[in-house]
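User: Please take a close look at the aromatic side chains here. Then work outward to whatever else deserves attention.

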Amino acid sequence: MMEAIPGNAALLTLTGRGAELARRLQRELPGSTVHGLTGRVEDCDHAFSDTGAELAEIFAQGRPIIGICASGILIRFLGPLLSDKGTEPPVLSLAEDASSVVPLLGGHHGANRLARILADLLEGHAAITTAGDLNYDTALDEPPTGWRLGNPKDIKAFTSALMRGEKIFKNSLLPGFLKNIPQSHDGALKIALGPSVHQGGEACLVYHPAVLALGVGCERDCPPEELEKLVEETLRDAGLAPEAVALVASVDLKMDEVAVHHMARHLGVPARFFTPDRLETETPRLANPSKLVFQEVGCHGVAEAAALAAAGSQGTLVVTKHKSRGATCAVARAIDIIDPQAMGVARGRLSVVGIGPGRADWRTPEVTRMISQAEDLVGYGLYLDLLGPLAQGKTHHVYDLGQEEVRVKAALDLAAEGRNVALVSSGDIGIYAMATLVFELLERRDNPNWARIEIEVAPGVSAFQAMGARIGAPFGHDFCCISLSDLLTPWDAIERRLEAAAAGDFVIAFYNPVSRRRRHQLARAKEILLQKRPEDTPVVLGSNLGRQGEQLSVIRLADLEVDDVDMLTTVLVGSSQSRAIPRSGGGHWVYTPRGYAAKNDRMETAS
């Protein structure tokens, strides 16, 4: 298998030149994000003003850090945080001219490998300083993809012995990554290989190739602990090392089963799934075919069949089906290291995300991460364009306004195929946007496969929040949002809500205030509100907030005219207590008192 490129890296830069290099690298590092210093870097996925705090947060998340800056900056800020070299993420310093990359932390936990990858990409120099890499061109405690070290605690004494001149006992079967270690027929050190459990120690390192496929099946809502116990006992009784398991495999009907995914996380491997038709082709090789399973699932076995399917046509069943009350498992061995990505399909994932007004620094880090990790982006073309470089290298599925249901169905269908999909909306996707339609379609069950995908909703900065921040603090007290569009909601229901909001003296954010054909609703809303609040109540009109062409104005409620508002405008109407006060440089701030003055008066009276 090809060496995997580490994902989820944070590319941190303090200058515009560094940001250009970061964007170049981002196209090669899946799931990576660009973090830029406010005031110096405009093109980034996440802006920060405190370098030390930003580094500390990323470090605590365990993400690889590539600092496009001087090494000393990273050393000074991260030094006080160092405590356990076994758990520290890779930290690298990269010169702005791409000439050198220096792994500072986590050399044997991905930093050295990442340094070499970056150096190859940039035609620069990887400044590797760890002894194992320099002497043997390999990190003994970081074997390549497809291999796992049996007991990492053995590595220190073993490496020390090698540094003293000890040799390993000659072994012609050593894999390529160990070929440069000195060997001798009378060597005192040993390296054990294979999927079976081996006793390591100070003079023996154990490496397990990922040649085992663990097939599992279970009843619906099987307790994760039950499946975990069954698997651990089965592997132990068979003398097989958990580190040799390449993947957990099952039938796609179990794609949303908590116990299956728990087992995969417990072993630190992917979960992959096969259709019943694919598993049925394995029936001639099953040790325990079952007519009952066929009647319920559509194939004559799940655990054994899934293990064999994942192990390939030349794989063999090494552990037949073992059962607990509600779970089954079996193990097959492949003739070579298994690439999980080539077997079956993964559980699909749908990230339902709001990107805010579109500015990178108004987009949450969670949303940036989800979009970075997605393979497919689904949305209205303008929304995807607002993502800029973050959307590069992904498959775009673009739909026009008005195609909301088509858009959401497409996102669900892609995720049901096992893909990682982001459904993108501006603002907050849960406020008058696509998130509601996602769950409405799930409830309708147009496609039963949708129920198996993993769904996560991430918030964004909504238009009313952006407007509030731009104009001051209008939402300092109770408020509500009302859409004036009667396309999906009857007008009489909207009018009742207007009357209730007016009677309750709420600050109101109006979404969809007008359209080309719909002109009377905003005028009627004005009439209702003027019955309950003063004519000079401040009204804020805002459009393109946070984007080029931003416009913001403050008028009186009595002066609100339909012709001053278009489809891109959000209208904010203050309560009877809201205030407009002059701001330096012209214009006004708008705020709604929370009641602190009255609180202070009560405290003074009491004293």
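Analyst: Start with a charge and a ring. In this predicted model, the charged end of Arg583 sits over the ring of Trp589. The distance to the ring centre is 3.7 Å.

Next come the ring-ring pairs. The count is seven aromatic pairs. One of them joins Tyr432 and Tyr511. Their ring centres are 4.9 Å apart. The planes meet at 45°, so this pair is tilted: an angle under 30 degrees would count as stacked, and one over 60 as edge-to-face. The two tyrosines come from distant parts of the chain, 79 residues apart. Tyr432 lies in the loop between β21 (420–425) and α15 (434–444). Tyr511 belongs to strand β25, residues 507–511. Their surroundings can be read from accessibility. Tyr432 has a relative accessible area of 43% and is partly exposed. Tyr511, at 11%, counts as buried, because the cut-off for buried is under 20%.

Ring pairs also build a cluster. Its members are Trp147, Phe177 and Tyr207.

Now leave the rings for a buried acid. Glu282 is placed in the loop between α9 (276–280) and α10 (291–297). Its relative accessibility is 6%, so Glu282 counts as buried. Which residues does Glu282 touch, once neighbours within four places in sequence are left aside? Ala305, Leu308 and Ala309 are in contact with Glu282. Another glutamate can be placed by backbone position: the C-alpha atoms of Glu282 and Glu304 are separated by 8.6 Å, with the two positions 22 residues apart along the chain.

The last stop is a sheet. Seven strands make up this open sheet, and the pairing is mixed. Read across, the order is β3-β2-β1-β4-β5-β6-β7. β3 (46–48) and β7 (125–126) stand at the edges. Each has a single partner strand, so one side of each lacks a neighbour in the sheet. At the β7 edge, the partner is β6, residues 100–105. β6 and β7 run in the parallel sense and pair over two bridges. Val101 stands opposite Ala126 in β7. Helix α4, residues 111–122, packs on the sheet. α4 touches β4 (65–68), β5 (91–94), β6 and β7. The direction of α4 makes about 170° with that of β6.

How values were computed. Residues numbered from 1 in each chain as written. Predicted model: local features only at pLDDT ≥ 70, side-chain atom pairs only at ≥ 80, totals over all residues. Heavy atoms only, no water. Pairing = 2+ DSSP bridges. Helix = DSSP H or I, 4+ residues; strand = E, 2+ residues; numbered from the N terminus. Contact = heavy atoms within 4.5 Å. Axes fitted to C-alpha atoms, helices over the stretch in contact; angles between N-to-C directions. Buried < 20%, exposed > 50% of the residue type's maximum accessible area, 1.4 Å probe, protein only. Phe/Tyr/Trp six-rings, centres within 6.5 Å; stacked < 30°, edge-to-face > 60°. Lys NZ or Arg CZ within 6 Å of the ring centre and 35° of its normal.
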